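Me: Could you take a close look at one part of this model for me? I would like to hear about a single surface feature and then how the rest of the chain frames it.

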Amino acid sequence: MPVLGRHGAWGVSVHTTWLAAVAFAVWGLVWEGPPAVATLTARDLLAAGFLAVAVTAVAFVLWYSTVGRLGAGRAGLLTGIAPVAAAGTGVLLGGAAPSPAVWLGIAVVAAGLAAGLRAG
């Protein structure tokens with residue numbers, strides 16, 4: 001949490017994103033080699049830009065803003081929403097309805113979130 005207090009949600013998000021970009025660029029050069037860059041199309045670059053800005057940077061800003069407002073403990077409980085959202089999104093995108101085991105898991109997650117958010 002000290003880094004979040006010093007840099008704020010935007011600062012942490014910017015630094016996390018550029019550090020990841022540098023790490024992936026180095027990894028790509030080592031693993032794929034410099035000629036791999038020539039195989040990238042405009043569509044590849046647009047997809048990478050979307051992932052960098054919309055998915056990574058915006059998600060980090062939203063996450064660290066939430067951590068700053070709610071605290072790390074309560075914000076951490078919100079990660080329990082991911083499996084519920086994934087099950088719902090799958091159905092909305094035309095996938096099969098979740099099995100009873102998935103519904104049971106969703107109920108357990110919901111109960112855990114309710115208990116965690118109610119405590120302290």
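Reply: Happy to! This is a predicted model, and a good place to begin is the overall fold. The chain holds five helices and zero strands, so its pattern along the sequence reads α-α-α-α-α. With a radius of gyration of 19 Å, well over the 14 Å that the globule rule gives for 120 residues, the chain is more spread out than a compact globule. Its C-alpha trace spans about 50 × 45 × 20 Å along the principal axes.

Now for the close look. The feature to pick out is a nonpolar surface patch of about 570 Å², made by V14, W18, L19, V22, V26 and V30. Take L19 as the way in: this residue, one of the patch members, is found in helix α1, which covers residues 2-31. Is L19 buried, partly exposed or exposed? Its relative accessibility is 47%, and because exposed means over 50% and buried means under 20%, L19 counts as partly exposed.

Stepping back to the whole chain gives the patch its setting. Buried residues make up 12% of the 120 residues. The accessible surface of the chain comes to about 8600 Å², and 77% of that belongs to carbon and sulfur atoms. As for how the chain meets itself, consider the contacts between residues at least 6 apart in sequence: 66% of them join residues at least 24 apart.

Key
Residues are numbered from 1 along each chain as its sequence is written. This is a predicted model: local features need pLDDT of at least 70, side-chain atom pairs count only at pLDDT 80 or more; totals for chains, interfaces and linings use all residues. Side-chain values use heavy atoms; hydrogens and water are left out. Patches are made of residues with over 30% relative accessible area and no salt bridge: like charges are joined within 9 Å, nonpolar side chains (Val, Leu, Ile, Met, Phe, Trp, Tyr) within 5 Å. Accessible areas come from the Shrake-Rupley method with a 1.4 Å probe; for residues, only the protein chains shown count as cover. A salt bridge is a side-chain nitrogen of Lys or Arg within 4 Å of a carboxyl oxygen of Asp or Glu. Helices (H or I, at least four residues) and strands (E, at least two) are DSSP runs, numbered from the N terminus. Buried means under 20% relative accessible area, exposed over 50%, partly exposed in between (1.4 Å probe, protein chains only). The radius of gyration is taken over C-alpha atoms; the globule rule is 2.2 Å times the number of residues to the power 0.38. Contact means heavy atoms within 4.5 Å.
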